[in-house]
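Dear colleague,

I am passing a structure on to you, and I would be glad if you could look through it before reading my notes.

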Amino acid sequence: MRGEPGRRVVVTGLGAVSGIGVGVAEFLAGLRAGKSAAGPITAFDTEGFDRSTACEVKDFEPDRWIRNLDVRTLGRASRFSVAAARMAVADAGFPESGSALRDIPSLISVGTTDGESRDLDHLVEEEVDLGPERMDPTVARRVPAGRLSSAIAQEFGLTRAEAVTLPTACAAGNYAVGYGFDAIRAGDVDLALCGGADALCRKTFTGFYRLGTIAPERCQPFDKDRKGILTGEGAGILVLESLESALARGARIYAEVLGYGLNCDADHPVAPNQDSVVRCMRLALDNARVKPEEVDFISAHGTGTKANDITEARAIRQVFGNTAPRTVSIKSMIGHSMGAAGALASIACALALTEGFIPPTINHDETDPECGLDCVPNQAVAADLKVVQNNGLAFGGNNAVVIFGKSQADWS
């Protein structure tokens, strides 16, 4: 058994809302093709900014996925979250009505960086231009970040669910998966809907812009000429359940969650700490009972900034030595989707294990010698994968690493 004694935890459903595809099939196709979501920002007025490219979700129709809630009561991030949960539940083979879930002891854990900051942007603009008495009350009621998880419970009418929103910034999606893993493994719940969600907003774009970390046109993780991040948006939700439950249902199993590691070094508001990242990766490997040489590829945090990529690459080489596994960043395709980043990368890891491929790091011209990693440039490659690692590194030194293993044909 992997990790501490307890039930084995598997992934049986995936739901993805991303700039390269809405729905797991489109997301998978985008990963295989090395599709880019980069384009001009339409979410807000970019006048005054000399850089205005981001990775927005296009062609998202919330009414297609949200059946029981009034879409007008949900902010964009909550819409993403509920839609991704609907996709994941259907993908896991539960009945469309959701009644089969109602009385199951459940956990909903959703990570986020910004919550509904897009709505907050709008409310602040109204307050400044029109006065506080003219602020839209419908929009104001959408703002609490807890809606990202509680709305999922409401959509499915869950009566025995804990709903928690985790605000650990850009590692929050991985935190949420780890929380679900613990709850299933310990037998506290029978079903966990875990992931992350965020919507593109002026506040976060401006923050990264003021830090000087917004790229002009494209995100180039680990490239010697990288110029920064592109902000993105979306949601990823994974259905976790025990191996016994999945086998009893005859469910398709994408992957096993082998373990995870968390730490917070509180060293610097925005700069990653190499020793802390090393400790987090080792915590995850130890928890999963996986040796470094058993990891077949790493889904890196890989933001495309000078500081992150060199620090993360050095930490990887410190843990894995000169034979570090291939290391990719899907942020080159979907941008930095903040709280959704770890969740969408987790989905990419599960799909890679199931489909037998490693997604590429696109926009890659020449690897930075200081990074010194094989980042699978520009084109996906076929690979027989057994174990993959997903890194999530956040501001404030919040780190979360999750280890996934390939689904086994014989689970006896």
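Below are the notes on the chain as a whole and on one pair of helices.

This is a predicted model, in which local features need pLDDT of at least 70 and side-chain atom pairs count only at pLDDT 80 or more, while totals for chains, interfaces and linings use all residues. Residues are numbered from 1 along each chain as its sequence is written, and side-chain values use heavy atoms, with hydrogens and water left out.

The secondary structure of the chain comes to 13 helices and 15 strands (DSSP runs numbered from the N terminus, H or I of at least four residues for helices and E of at least two for strands). The radius of gyration, taken over C-alpha atoms, is 20 Å, which agrees with the value near 22 Å for a compact globule of 412 residues (the rule being 2.2 Å times the number of residues to the power 0.38). Of the 412 residues, 60% are buried, meaning under 20% relative accessible area with a 1.4 Å probe and protein chains only.

As for the pair, the axes of helix 3 (residues 76-91) and helix 6 (residues 147-156) come within 9 Å and cross at roughly 45°, the axes being lines fitted to C-alpha atoms over the stretch in contact, with angles from 0 to 180 degrees between N-to-C directions. That makes helix 3 oblique to helix 6 (neither under 35 degrees, nor over 145, nor 65 to 115). Among the residues in contact (heavy atoms within 4.5 Å) are Ala-77 and Val-89 in helix 3 and Leu-148 and Phe-156 in helix 6.

With kind regards

Note on methods:
Buried < 20%, exposed > 50% of the residue type's maximum accessible area, 1.4 Å probe, protein only.
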